[in-house]
Amino acid sequence: MRVLGMISGTSHDGIDVAVVDFAQRAGVLEGTLGFSGSRPYDPSLRSLLMDMLPPRPTALAAVCEIDTRIGQAFADAAEWAIGEAGSVDAVCSHGQTVFHWVEDGRALGTLQLGQPAWIAERVGVPVVADIRARDLTVGGQGAPLASLVDFLLLNQRSGVSGALNLGGISNLTVVSPEGASAWDIGPANALMDAVVADRGLDPRGYDADARIARDGTVDERLLARLLAEPYYAQVPPKSTGKELFNLAYLQRELDLAGSAPSDADLLATLVELTARTVADAVRDAGVEYLAVSGGGCRNPLLMDRLGVLLPGVDLVLTDVLGMPADTKEAILMALIGWCTLHGVPGTVPGGTGALEPRILGSIVPGRGPLVLPDPAPPITGLRLSGERARP
């Protein structure tokens, strides 16, 4: 089955796509990556999206508009990917997370927008969507869903292995002979990108190659305040997002610290915040081998700091496992789509804190009758090969 996976992450900058051809052999799912790429949001759409995110108030009219426009943007991206890669049998669309409702350490609700009916109508094949909510109904955090692909890639390794994703939020999956666990650590790029965008420091919306942060000095007083955030002390499973780690949060901490760092010093401090919180989590979990993915793995200052703070850890990019670091989340969506359509749970025990694994998502039929494949046996591993990527 050939599945197109699509996602826009917590950086809210565009849509990542991956077309993967899956075949199961002796319990191992073999995937051939035929195409991957990214489509930026139209500036007017991204502006509208950013204006409705927490802590800003939002009207239902804006929610309706953004749900439609993101759905249409995902349909455009799907049409583009299929034009480049050829036909697919199904699509799995994560959409765009706009709110993740957590109280007292428990995820009570999660909202991803991007109406999937627009995708199904445009490309004519079934679309799996709304993939996080089902996990919440059995006590899961709905995140990090990457624990599924991380477990399948790492479960044959000896010792304690980890997979670290550095998106807007950093998350860690730990795989050992005893099983898997996963949780959101804290901000990776979220606060850095918010500063860059708010102060107009780079038109791309992020500190490319840590060009600005490299010239800065860590503000130790501000860093101490940021590290005292109670979320870091919570026991996994746990999840978070920009509902907590946003520009208003950062400004409040700056005020309380009595700090007014330069742009470079502030970004250097935020890089150090990510490095320290990640390194603490990795050390506490006893991880010996750490495979890194996400936009933050392209931040040389952050990766350098992780290398210094984790001297006993074998630090690699997920590319060495056959998983392109920049495409992992889109591949994950394709994998979840395959699992849902074949009646296979899209979570692993311990991955999100759920009481039991569940088949994820809802299915929107294509233009014809919905015909599902026969249920597949459990997956014991994942092997990936091939890539043809476009910017």
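How many bridges join E10 to E11, and do these strands run parallel or antiparallel? Four bridges join E10 to E11, and the two strands run parallel. That's a good place to start walking through this model, which is a predicted one.

Let's stay with strand E10 for a moment. E10 covers residues 289-293, and five of its five residues are buried. Look at both faces of the strand: Tyr289, Ala291 and Ser293 sit on one side, Leu290 and Val292 on the other, and all of them are buried. On the E11 side, Val292 stands opposite Leu317. E10 also pairs with strand E7, again in parallel, this time through five bridges. One spot to find there is Gly162, whose bridge partner in E10 is Leu290.

Now follow the chain along from E7 (161-166). A hairpin of two residues takes you from E7 into E8. Here the direction changes to antiparallel, with six bridges joining E7 to E8. Leu164 is a handy marker, as its bridge partner in E8 is Leu172. Strand E8 itself runs over residues 169-176, and eight of its eight residues are buried. Its side chains split into two sets: Ile169, Asn171, Thr173 and Val175 point one way, Ser170, Leu172, Val174 and Ser176 point the other way, and all are buried.

Keep going and you meet another hairpin, which joins E8 to E9 through two residues. E9 covers residues 179-187 and is joined to E8 by eight bridges, with the strands running antiparallel. Look at Ser176 to see one of these pairings: its bridge partner in E9 is Gly179.

Next, the helices. Helix H9 spans residues 263-284, and we can check its length with a bit of arithmetic. The expected span is 1.5 Å times one less than the number of residues. For the 22 residues of H9 that should give 32 Å, and its end C-alpha atoms are indeed 32 Å apart, so the two agree. H9 is mostly covered too, with 16 of its 22 residues buried. Just past the helix, Gly286 takes a positive phi of about 70°.

Further along comes helix H10, residues 300-309, where Leu301, Leu302, Met303 and Leu306 are buried. What lies over these buried residues? The cover includes some elements you've already met: strands E7, E10 and E11, along with helix H9. At the N-terminal end of H10, Asn299 acts as a cap, with a side-chain oxygen 3.1 Å from the backbone nitrogen of Leu301.

Time to look at some rings. The structure holds six aromatic pairs. In one of them, the rings of Tyr232 and Phe245 have centres 6.0 Å apart and planes at 20°; stacked pairs need planes under 30 degrees apart, so this pair is stacked. The two residues are 13 residues apart, and both are in the loop between helix H7 (220-227) and helix H8 (247-257). Both Tyr232 and Phe245 are buried.

Phe245 has another ring partner, Tyr249, and this pair is edge-to-face: the centres are 5.3 Å apart, with 80° between the planes. Tyr249 is buried, just as Phe245 is. Zoom out a little and you'll see a cluster, in which ring pairs link Tyr231, Tyr232, Phe245 and Tyr249.

Rings can have charged company as well. Remember Tyr289 from strand E10? The charged end of Arg157 sits over the ring of Tyr289, 3.6 Å from its centre. A similar arrangement turns up at Tyr206, where the charged end of Arg204 sits over the ring, 6.0 Å from its centre.

Our last stop is Gln141, which you'll find in the loop between helix H4 (133-136) and helix H5 (147-154). Is Gln141 buried or exposed? Its relative accessible area is 5%, and buried means under 20%, so Gln141 is buried. Its side chain makes a polar contact of 2.5 Å with the side chain of Ser239. Setting aside neighbours within four places in sequence, Gln141 is also in contact with several other residues, among them His100, Arg106, Asp135, Pro237 and Thr352.

Definitions and conventions: Residues are numbered from 1 along each chain as its sequence is written. Side-chain values use heavy atoms; hydrogens and water are left out. Rings of Phe, Tyr and Trp (its six-membered ring) pair if their centres lie within 6.5 Å; planes under 30 degrees apart count as stacked, over 60 as edge-to-face and the rest as tilted. Buried means under 20% relative accessible area, exposed over 50%, partly exposed in between (1.4 Å probe, protein chains only). A charge sits over a ring if NZ of Lys or CZ of Arg is within 6 Å of the ring centre and within 35 degrees of the ring normal. Contact means heavy atoms within 4.5 Å. A polar contact is a pair of N or O atoms within 3.5 Å; within protein, one must be able to donate a hydrogen and the other to accept it, and residues adjacent in sequence count only if both atoms are side-chain atoms. Two strands pair if DSSP finds at least two bridges between them.
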